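Biologist: I have this one open beside its sequence and would love a guided look at one chain in particular. Please take me through it slowly, and finish with the place where its partner comes in.

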Amino acid sequence: MKIDKFDKLLGLLLASVLIALVLVLWQGSDRQAGTAKAVADRVMERELTYQARVALLQKLYGPVDELRRKGELQTALLKLDEVSRQYPGEAHGHVLQAEILHEMGVLEEALASYVAGIRLNGEYIDRKSPLSRREAISRLVTEGERDIVSRAKANPANRTLATALTNINYLKSRLAGGCE
Amino acid sequence: MSVCNMLHKNSASLKALTQLLITLLCTFGLSGCNFKQERKVMKIGYMICNSEQETIARFAPLTRYLSDKTGVEFVPVPVDTADFEGRFQKGEFALTHGNSLLYVILRENHGLQLLASEKRGHFGSRTAGAIIARKGGGITKLTDIRGKRMVFGPMLAPTGYLAEYDLMLRSGIDPERDLAYYAIPPGSYKHEKLIYAVLYGQFDVAAAPMLDLETMVKEGKIAADDFVILAQTPVIPYCTFGAAKETDPKLVAKIRQALMELTPETAVDVAGERIKVLKAAWVDGFEELQDSDFNPIREMAKRVNMPPYAKY
């Protein structure tokens with residue numbers, strides 16, 4: 001069999017295609033590795049930010065928690081006011097206030113504080129989050145339903161009770177997985 | 001001749017037209033005046049907290065807002081707490097804005113109707129009183145206050161006097177016998193004065209409204225760590241709007257609705273200035289309470305022998 005110029009040219013072309021294919025595949029695997037690395041980096045960054053946030057919250061609100069543990073609820077609220085001067089829009093402050101008010105039996109204001117906190121940051125209702133307050137919120141919703149629903153039914157024109165009821169329903173929907 | 005006649009006729013018709021215009025203007029002008037005169041005028045008695053000027057500055061925008069919303073011309077009247085019942089009884093004002101003890105007094109003695117209550121601070125339309133001492137001053141619990149110097153707020157203050165006095169009686173401490181001495185600060189800003197009086201050592205303990213402690217901490221005037229809260233009273237309603245019992249029920253409903261509709265953005269024009277109503281009044285909003293929400297105050301007033309249940 002004779003190999004002519006045309007065959008050589010075809011062979012050369014075939015070899016070029018094969019080399020190009022190898023190169024493309026090699027680059028693709030490299031890019032995949034790069035993407036995987038970037039995703040890993042992002043997850044790591046997010047985790048680091050999250051850890052830093054949790055550590056910062058613990059540091060900032062630590063004195064409030066300490067006062068709560070000692071049962072000095074009123075002083076804890078005052079301490080919270082102090083912290084809130086520096087971080088007025090922080091969801092954690094609203095959530096802590098809700099917990100303290102709940103402990104003090106001030107249900108309507110506790111509900112309003114939880115709603116304010118969760119509207120700012122949904123993590124507090126998330127079952128998997130270390131910041132989750134899901135159980136405490138469920139307890140408050142149950143208590144609120146017991147106390148407020150009957151009063152709201154007895155006074156249908158009362159707008160304050162209607163607002164409390166709206167807050168209960170909002171928390172119930174978030175507990176059930178509803179979004180903002 | 002005909003030209004003269006024409007001129008004469010024209011001037012006559014011009015005169016008639018002018019007369020007609022003047023008559024019309026007068027009629028519209030007078031009817032305008034009559035319209036203003038026909039707008040009902042009602043007075044709102046506002047309990048003075050610190051001074052007349054401050055009270056008017058706080059509540060003039062709210063009064064303007066209520067006028068705009070109801071079509072009634074409301075006029076603010078600053079009233080000293082001690083004169084409040086007497087002036088209300090004389091009919092000097094039909095609407096009231098005062099503390100929750102004043103509401104109970106006017107309700108029991110004159111059938112005042114509850115309109116809406118102010119929201120401010122952690123507990124919304126309610127707040128509490130506290131007995132405080134300076135941190136590091138050696139007083140750490142309520143029983144330590146026996147034989148100490150104490151400062152109270154004004155006598156008709158629900159969370160600056162009544163609630164703490166009641167708390168002490170319920171804890172077995174008689175302020176008349178078990179303290180070395182007690183006083184009430186003179187002049188305005190009584191609640192702030194008594195908090196500072198404890199901070200700077202003029203008195204050992206004070207009856208402080210939680211709302212004032214909250215506000216002073218928020219404003220950076222004091223720190224939460226400066227004080228020990230020895231005891232806290234139950235949470236009771238705060239300042240409240242009321243209406244005389246003979247007030248038109250439709251107007252009562254309108255005023256209540258207007259108060260409930262207020263948002264932080266609601267603004268009115270007062271003396272050429274656009275002012276946010278709630279911010280000017282130092283209020284977060286309004287709530288509809290029920291008369292039964294004031295029962296804890298009634299019980300306190302009975303135990304402390306204060307109006308409207310005082311017996312001599």
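Modeller: Happy to. Among the contacts in chain B between residues at least 6 apart in sequence, 77% join residues at least 24 apart. Keep in mind as we go that this is a predicted model. Chain B has 10 helices and 15 strands, and of its 312 residues, 41% count as buried.

Let's begin with the helices. Helix H4 of chain B covers residues 100–110, and its buried residues include Ser100(B), Leu101(B), Leu102(B), Tyr103(B), Val104(B), Ile105(B) and Leu106(B). Just past the end of H4(B) sits Gly111(B), with a positive phi of about 65°.

The next helix along, H5(B), runs over residues 158–170; 11 of its 13 residues are buried, so the rest of the structure largely encloses it. The buried ones are Pro158(B), Thr159(B), Gly160(B), Tyr161(B), Leu162(B), Ala163(B), Glu164(B), Tyr165(B), Asp166(B), Leu167(B) and Met168(B). Notice that the charged side chains Glu164(B) and Asp166(B) are among those buried residues. A glycine again follows the helix: Gly172(B), just after H5(B), takes a positive phi of about 80°.

Now for two strands. Val75(B) belongs to strand E2 of chain B, residues 73–79. Val75(B) has 12 other C-beta atoms within 10 Å, so it is exposed. Leaving out residues up to four places away in sequence, Val75(B) touches Val41(B) and Lys43(B). Gly45(B) is 30 residues from Val75(B) in sequence, and their C-alpha atoms are 8.6 Å apart in space.

Phe286(B), in strand E15 (residues 285–287) of chain B, has 23 other C-beta atoms within 10 Å and is therefore buried. Setting aside residues up to four places away in sequence, Phe286(B) touches two stretches of the chain. One is Ala116(B), Ser117(B), Glu118(B) and Lys119(B), and the other contains Leu259(B), Met260(B) and Leu262(B). You can also relate Phe286(B) to H4(B): its C-alpha atom is 14 Å from that of Ser100(B), although the two residues are 186 apart along the chain.

On to the core. The largest nonpolar core has 113 residues, and those touching the most other members are Tyr114(A), Ile132(B), Val198(B), Val205(B) and Ala206(B). Val205(B) is a good one to centre your view on. Beyond its neighbours within four places in sequence, Val205(B) is in contact with Ile131(B), Ile132(B), Ala133(B), Ile139(B), Ile145(B), Lys148(B), Met150(B) and Val198(B).

A few backbone details deserve a check, too. Most residues other than glycine have a negative phi, and most peptide bonds are trans. Ala271(B), with phi near 50°, has a positive value without being a glycine. Ala271(B) sits in the loop between strands E13 (267–270) and E14 (273–276) of chain B, and it counts as exposed because there are 8 C-beta neighbours inside 10 Å. Asn305(B) is another non-glycine residue with a positive phi, near 60°. Asn305(B) comes in the segment after H10 of chain B, and with 12 other C-beta atoms within 10 Å it is exposed. Pro308(B) is also placed in the segment after helix H10 (295–304). The peptide bond joining Pro307(B) and Pro308(B) is cis, with omega at about 5°.

Finally, the partner. On the chain A side, 18 residues are in contact with 19 residues of chain B. Helices H2 (73–86), H3, H4 and H6 (159–175) of chain A each supply at least two of the residues that touch chain B, and H2(A) gives the most, eight. By type, this side of chain A divides into four nonpolar, six polar and eight charged residues.

Two of those helices also pack against each other. The axes of H3(A), residues 91–103, and H4(A), residues 107–120, come within 8 Å and cross at roughly 160°. H3(A) is therefore roughly antiparallel to H4(A), and the crossing is left-handed. From H3(A), the residues Ala91(A), His94(A), Val95(A), Gln97(A), Ala98(A), Leu101(A) and His102(A) meet Glu109(A), Ala110(A), Ser113(A), Tyr114(A), Ala116(A), Gly117(A) and Leu120(A) of H4(A). That contact is made of eight nonpolar, five polar and one charged residue. You may recognise Tyr114(A) there, from the list of core residues that touch the most other members.

How values were computed: Residues numbered from 1 in each chain as written. Chains lettered and ligands numbered in written order. Predicted model: local features only at pLDDT ≥ 70, side-chain atom pairs only at ≥ 80, totals over all residues. Axes fitted to C-alpha atoms, helices over the stretch in contact; angles between N-to-C directions. Helix = DSSP H or I, 4+ residues; strand = E, 2+ residues; numbered from the N terminus. Parallel < 35°, antiparallel > 145°, perpendicular 65-115°, else oblique. Left-handed = near helix turned anticlockwise from the far one by under 90°. Contact = placed C-beta atoms within 7 Å. Nonpolar A, V, L, I, M, F, W, Y, C, P; charged D, E, K, R; others polar. Buried ≥ 20, exposed ≤ 12 C-beta atoms within 10 Å, placed from the backbone. Core = buried A, V, L, I, M, F, W, Y, C linked by C-beta atoms within 7 Å.
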